[in-house]
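Thanks, everyone; today I would like to talk through the empty space in one protein model, going from the enclosed spaces to the open ones. Please keep the structure on your screens while I speak.

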Amino acid sequence: MKIDFNHMLQASIGEHGISGQEIEVMAARVPQVHKNMCDKKDAMAWRNLPYNQSSVVEEINKEAKRINDHFENFVVLGIGGSALGSKALFTGVKHLKYNELSREKRGGVRFYVVDNVDPDGINALFDVIDVKKTCFHVITKSGNTVETMSQFMIVLDKLQKEMGDHFKDNIVFTTDKESGILKKISNQYGFKTFTVPDGVGGRFSVLCPVGLLSAAVLNIDINELFAGAKEMDAACTKESLWENPAYMYALLYCTAMNKGVNISVMMPYADGLLNMAEWYAQLWAESLGKRYGNDGSIVNKGQTPVRALGVTDQHSQIQLYAEGPFDKIISFIDVENFHTQLKIPQAPIDMLDAAYLQGQTVNKLIASEMRATEYAVTQAGKMNMRITLPEMNAKEIGALFFFLEMATAAAGEFLDINAFDQPGVEAGKIATFALMGREGYEEKAAELSKASGKDDQFIYTV
């Protein structure tokens, strides 16, 4: 993997880039950032996941074989980190029309992720699966996530109606080892249950059973995922800024934030990496969007992540990126070797204006489109960088996950905020509990009922 930061710098893009002096100022903080990353390693339990799960992986592989042997579908029920990592793994490694392939070509069950509570979306799934022939993976670390528990209750009702009391094998849990509603249900009914390790937050959980069961069911080599993560860990734990790509990423992005660059665009040039950009959006936003600094002062830090897809969004967003305000960093991700080499044939009709394409490959076209867009935004003086994957496989995807996690953790240290809590999300959860009538939240419900009304003159009914 290559990580190229050249186009973040004034030397490359001009006045709106980062100067050598600005790097020097921030680099003075690297020793403290490195010390903090080392001192807090045990608290960042996700950093140990590539090393300490051999027995868990053995159990996961055994369960995945049972699922593939006895079911036609595997459905993840979750939201946020409980779902996005599995989606990124699925499309990042597997065939892009995986579910439409024959069972023989897939080598296992069809795969779905339900990561919302849109009633039409949930019901649409039941129109295409037989619940009796489906294994559902219910994921919530707290065991109290309202969206996931609602999904689970709907699924459980359908299973009971179709199967009576013989539904236990159709359900697998991943949750906290001790607390939460899901753990109580697991203890009572004996569902197969995996554990989210202590110290592993949802958005950092893809390399534990949260994502690894999906990987195993999809016949993705978990050891290769770990191998990529380990290689990236070796690079991202070095003390020197000039040897550690995660520190450089964090330094440049945090310097840009301090200059008012408040949008981070991730733009992969591969359909299979779009879900990686979705996963990154949660990781970056939830980790760094904080009102308070570590000293308790109000800092309102953070950067808004945006996902874009090359080449598709060259025809929708690039106009803004090239000629709009200087408030974005664009992170291009390209792939050197796709699984497919697709040649553009000679046209069967007279197409003189397109004749130059004949005999070339779509692979060259998408690479040229990326480089052309990179050139255009660079000429426009906009910050951008490039991550290049040699190919899309388990090892490279594991490395990319781990790199972005380490860069995010380091950014939290540069910004002097807690990158591992999410009080803003919790506030919304509490309000939802109150609005849904959960016991113990009556005071919050009363507060919501007294919220100021809206001015009718700004409400249009057409």
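When the whole structure of this predicted model is searched for enclosed space, two cavities of 30 Å³ or more are found. The largest cavity holds about 50 Å³ of space, and its lining is made up of Leu-77, Val-114, Ile-122, Leu-125, Phe-126, Gln-151 and Val-155. Two elements, α7 (residues 119-126) and α8 (residues 146-163), each give two or more residues to that lining, with α7 providing the largest share, namely three residues. In terms of class, the lining of the largest cavity divides into six nonpolar residues and one polar residue, with no charged residue.

The second largest cavity, with about 30 Å³ of space, is lined by Tyr-321, Pro-325, Phe-326, Asp-327, Lys-328, Ile-330 and Lys-382. Here the classes come out as four nonpolar and three charged residues, with no polar residue in the lining.

Let me move on to the pockets. Which residues lie nearest the centre of the largest pocket? They are Gly-202, Gln-282, Glu-286, Gln-422 and Lys-429, out of the 31 residues that line this pocket. The elements that contribute two or more residues to the lining are α5 (residues 81-93), α8, α13 (residues 274-288) and α17 (residues 423-435). The space in the largest pocket comes to about 660 Å³, and its lining has twelve nonpolar, 13 polar and six charged residues.

For the second largest pocket, the space is about 540 Å³, and among the 21 lining residues, those nearest the centre are Leu-96, Asp-271, Phe-338, His-339 and Thr-340. Both α5 and α15 supply at least two residues of this lining, and the largest share, five residues, comes from α15. By class, the lining of the second largest pocket has eleven nonpolar, seven polar and three charged residues.

I will finish on the surface, where Leu-342, Val-362 and Leu-365 form a nonpolar patch whose accessible area is about 230 Å² together. One of these residues, Val-362, belongs to helix α15, which covers residues 362-379. Why does Val-362 count as partly exposed? The reason is that its relative accessibility is 35%, a value that falls between the limits of 20% for buried and 50% for exposed.

Definitions and conventions. Residues numbered from 1 in each chain as written. Predicted model: local features only at pLDDT ≥ 70, side-chain atom pairs only at ≥ 80, totals over all residues. Heavy atoms only, no water. 1 Å grid on protein atoms, 1.4 Å probe; cavity = no way out; pocket = protein on both sides within 12 Å on 5 of 7 lines; lining within 4 Å. Points joined across faces, edges and corners; volume = space filled by probe spheres on them. Helix = DSSP H or I, 4+ residues; strand = E, 2+ residues; numbered from the N terminus. Nonpolar A, V, L, I, M, F, W, Y, C, P; charged D, E, K, R; others polar. Patch = residues over 30% accessible without salt bridge, like charges linked within 9 Å, V, L, I, M, F, W, Y side chains within 5 Å. Areas by Shrake-Rupley, 256 points an atom, 1.4 Å probe, with all protein chains shown as cover. Salt bridge = Lys/Arg side-chain N within 4 Å of Asp/Glu carboxyl O. Buried < 20%, exposed > 50% of the residue type's maximum accessible area, 1.4 Å probe, protein only.
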